[in-house]
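Trainee: I'm new to this one. Could we go through it together, one question at a time?

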Amino acid sequence: MAEGGKILATVLKQIAAMAKPGITTMELDRAAEALILAAGAKPAFKGYEGFPYSLCASVNENVVHGYPSNEPLKNGDIVGLDLGVLWKGFNTDMAMTVAVGEIS
């Protein structure tokens, strides 16, 4: 489980660093999936009860478990990133909140 957690923490840190004005949460989702697969793990959320993405991305007033979209992030947005990894039979799950650009 610790190994899966390390993979997850590394991927989520990289995705959080990408959350800048102009990028879409759909792009973050694709990057997250690619990074998880490159590490030899599987996205835990994709396909779970029909969820079609690897990343839950909740922008501003969208509280939790938001679907990624093609709407670019803007300066001042707050985005919740929730990601899960399946590794050797274990499921790890982590979330963080990221400020996009400068916020008040």
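Trainee: Is threonine 25 buried or exposed, and what is its relative accessible area?
Mentor: Keep in mind that this is a predicted model, where local features need pLDDT of at least 70, side-chain atom pairs count only at pLDDT 80 or more, and totals for chains, interfaces and linings use all residues. Residues are numbered from 1 along each chain as its sequence is written, and side-chain values use heavy atoms, with hydrogens and water left out. Buried means under 20% relative accessible area, exposed over 50%, and partly exposed in between, using a 1.4 Å probe and protein chains only. By that rule threonine 25 is buried, at 2%.

Trainee: Which backbone nitrogen lies 2.8 Å from a polar atom of the side chain of threonine 25?
Mentor: Threonine 25 sits in helix α2; helices (H or I, at least four residues) and strands (E, at least two) are DSSP runs, numbered from the N terminus. Leaving out residues up to four places away in sequence, threonine 25 touches several others, including Leu55, Pro68 and Ser69, where contact means heavy atoms within 4.5 Å. The backbone nitrogen you're after belongs to serine 69.

Trainee: Which element gives the most to the largest nonpolar core?
Mentor: A nonpolar core is a set of buried Ala, Val, Leu, Ile, Met, Phe, Trp, Tyr and Cys residues joined through side-chain atoms within 4.5 Å. The largest one here has 23 residues, and Val11, Leu55 and Leu83 are among those that touch the most other members. At least two residues each come from α1 (2-18), α2 (25-38), β2 (55-59) and β3 (78-87). The biggest giver, with six residues, is α1.

Trainee: What is the C-alpha to C-alpha distance between valine 11 and alanine 31?
Mentor: Valine 11 belongs to helix α1 and is buried, with a relative accessible area of 2%. Setting aside neighbours within four places in sequence, valine 11 is in contact with Ala32, Leu35, Ile36 and Leu83. As for alanine 31, it is 20 residues from valine 11 in sequence, and the distance in space is 9.0 Å.

Trainee: How many bridges join β2 to β3?
Mentor: Four of the five residues of β2 are buried, so β2 is largely enclosed by the rest of the structure. Two strands pair if DSSP finds at least two bridges between them. One bridge links alanine 57 with its partner in β3, leucine 81. β2 and β3 run antiparallel, and the number of bridges joining them is five.

Trainee: How far apart in sequence are the parts tied together by glutamate 3 and lysine 88?
Mentor: These two form a salt bridge, with their closest N and O atoms 3.5 Å apart; the term means a side-chain nitrogen of Lys or Arg within 4 Å of a carboxyl oxygen of Asp or Glu. Glutamate 3 is partly exposed at 46%, while lysine 88 is exposed at 62%. Since glutamate 3 lies in helix α1 and lysine 88 in the loop between β3 and β4 (90-99), the parts they tie together are apart in sequence by 85 residues.

Trainee: Which residue forms a salt bridge with lysine 46?
Mentor: The structure holds two salt bridges. Lysine 46 is partly exposed, with a relative accessible area of 41%, and lies in the loop between β1 (42-43) and β2. Its partner is in helix α2, 13 residues away. With the closest N and O atoms 2.9 Å apart, that partner is glutamate 33.

How values were computed. Polar contact = N/O pair within 3.5 Å; in protein donor to acceptor, adjacent residues only side chain to side chain.
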